[in-house]
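Hi,

Here is the structure I promised to pass on to you. Have a look at it first, and then read on for my notes.

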Amino acid sequence: MKKVSLLIPMLAVVVFAMTSCKSTKAVETKAPASSQSSTDVYDVPCWMADDDEWFYATAQRQFKQSSMNTAPTATLRSAQLQMRQKLQSVYRAVLRDYFDQMDTEEGSYAREHIESAGDLIVKTAINETYEVCRKQTRPDEKNNVIMYVTVKVSKKKFTDNMVKQLSEDEQLKMRFNEKTFRDSAFKVFENSNNKEFNEFKEQ
């Protein structure tokens with residue numbers, strides 16, 4: 001009888017673990033503080049890491065159940081803001097690498113102008129975002145619902161837009177080196193799975 005009584009709680013743990021793994025849309029509920037460790041990790045619905053082709057950005061917003069008709073648009077705008085911050089960071093990283101490979105005189109002359117061109121390049125990219133995931137929780141006891149939205153931007157298109165904008169600029173035409181710039185972009189994009197670009201949190 002002792003063996004049977006020990007198996008029952010073990011089976012309960014296995015069933016709970018299997019049920020948790022199958023859930024895709026429900027937000028995981030944190031365990032009581034007494035059972036948590038400092039290394040516990042909880043998945044964020046819709047979150048995706050950058051890959052070879054795409055940048056991703058995820059936002060979450062809380063709404064009252066009565067205002068869910070405006071939730072998708074509002075959360076999408078938040079995701080686009082997260083993407084804007086990410087692309088601005090990526091653009092600056094590409095410029096840092098690019099200017100490191102240019103001679104000092106040219107770099108100093110062109111840096112300010114190229115940096116100012118980044119706002120238009122990023123704005124164009126934000127207008128071309130794709131929504132790839134949308135999920136929401138069930139209403140809680142206060143009728144609050146959390147919505148998650150993820151958007152993506154093509155790395156190739158973002159690079160092409162940067163090159164097009166900078167290569168057509170009259171002030172940079174004689175100084176802009178497309179091959180060097182693309183090499184810098186490729187190098188930065190290869191590292192875009194790092195926390196520097198993937199962990200943009202809602203402020």
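**Salt bridges around D160**

D160 is partly exposed, with a relative accessible area of 26%. Please keep in mind that this is a predicted model. I start with D160 because its carboxylate has two partners, K156 and R182, each with a side-chain nitrogen within the 4 Å that a salt bridge requires.

Take K156 to begin with. The salt bridge between D160 and K156 has an N to O distance of 2.8 Å. Both residues belong to helix 4, which covers residues 155-167, and they sit four residues apart, about one helical turn. K156 is exposed, at 60% relative accessibility.

Now for R182. In the salt bridge of D160 with R182, the closest N and O atoms are 3.2 Å apart. Here the partners come from two helices: D160 is in helix 4 and R182 in helix 5 (residues 178-190), so this pair ties together parts that are 22 residues apart in sequence. R182 has a relative accessible area of 31% and is partly exposed. Salt bridges with shared partners join K156, D160, E178 and R182 into one network.

**The other salt bridge I looked at**

How many salt bridges does a search of the whole structure find? The search finds eight. Besides those of D160, I noted the one between E131 and R134, where the closest N and O atoms are 3.0 Å apart. E131 is partly exposed at 34% relative accessibility, and R134 is likewise partly exposed, at 44%.

**The disulfide**

Which cysteines form a disulfide? They are C46 and C133, with their sulfur atoms 2.0 Å apart. The count for this structure comes to one disulfide. The pair links distant parts of the chain, 87 residues apart: C46 is in the loop between helix 1 (2-22) and strand 1 (54-64), while C133 is in strand 2 (residues 130-136).

Is the disulfide left-handed or right-handed? The torsion about the S-S bond of C46 and C133 is about -75°, so the disulfide is left-handed.

Both cysteines fall under the 20% relative accessible area that marks a buried residue. C46 has a relative accessible area of 7% and is buried, and C133 is buried with 11%.

**A negative patch**

The loop between helix 1 and strand 1 that holds C46 is also the place of E53. E53 is exposed, with a relative accessible area of 53%, whereas C46 is buried. Together with D51, D52 and E190, E53 forms a negative surface patch.

**The chain as a whole**

To set these details in context, here is the overall layout. The chain has six helices and three strands. From the N terminus on, the order of the elements is α-β-α-α-β-β-α-α-α. The chain has 203 residues, of which 37% count as buried. C46 and C133 are among the buried ones.

If you would like a place to start in the viewer, I suggest the network of K156, D160, E178 and R182, followed by the disulfide of C46 and C133 and then the patch that includes E53.

Best wishes

Notes:
Residues are numbered from 1 along each chain as its sequence is written. This is a predicted model: local features need pLDDT of at least 70, side-chain atom pairs count only at pLDDT 80 or more; totals for chains, interfaces and linings use all residues. Side-chain values use heavy atoms; hydrogens and water are left out. A disulfide is a pair of cysteine sulfur atoms within 2.5 Å. Buried means under 20% relative accessible area, exposed over 50%, partly exposed in between (1.4 Å probe, protein chains only). Patches are made of residues with over 30% relative accessible area and no salt bridge: like charges are joined within 9 Å, nonpolar side chains (Val, Leu, Ile, Met, Phe, Trp, Tyr) within 5 Å. Accessible areas come from the Shrake-Rupley method with a 1.4 Å probe; for residues, only the protein chains shown count as cover. Lys and Arg count as positive and Asp and Glu as negative; His and the chain ends are not counted. The place of a charge is taken as NZ of Lys, CZ of Arg, CG of Asp or CD of Glu.
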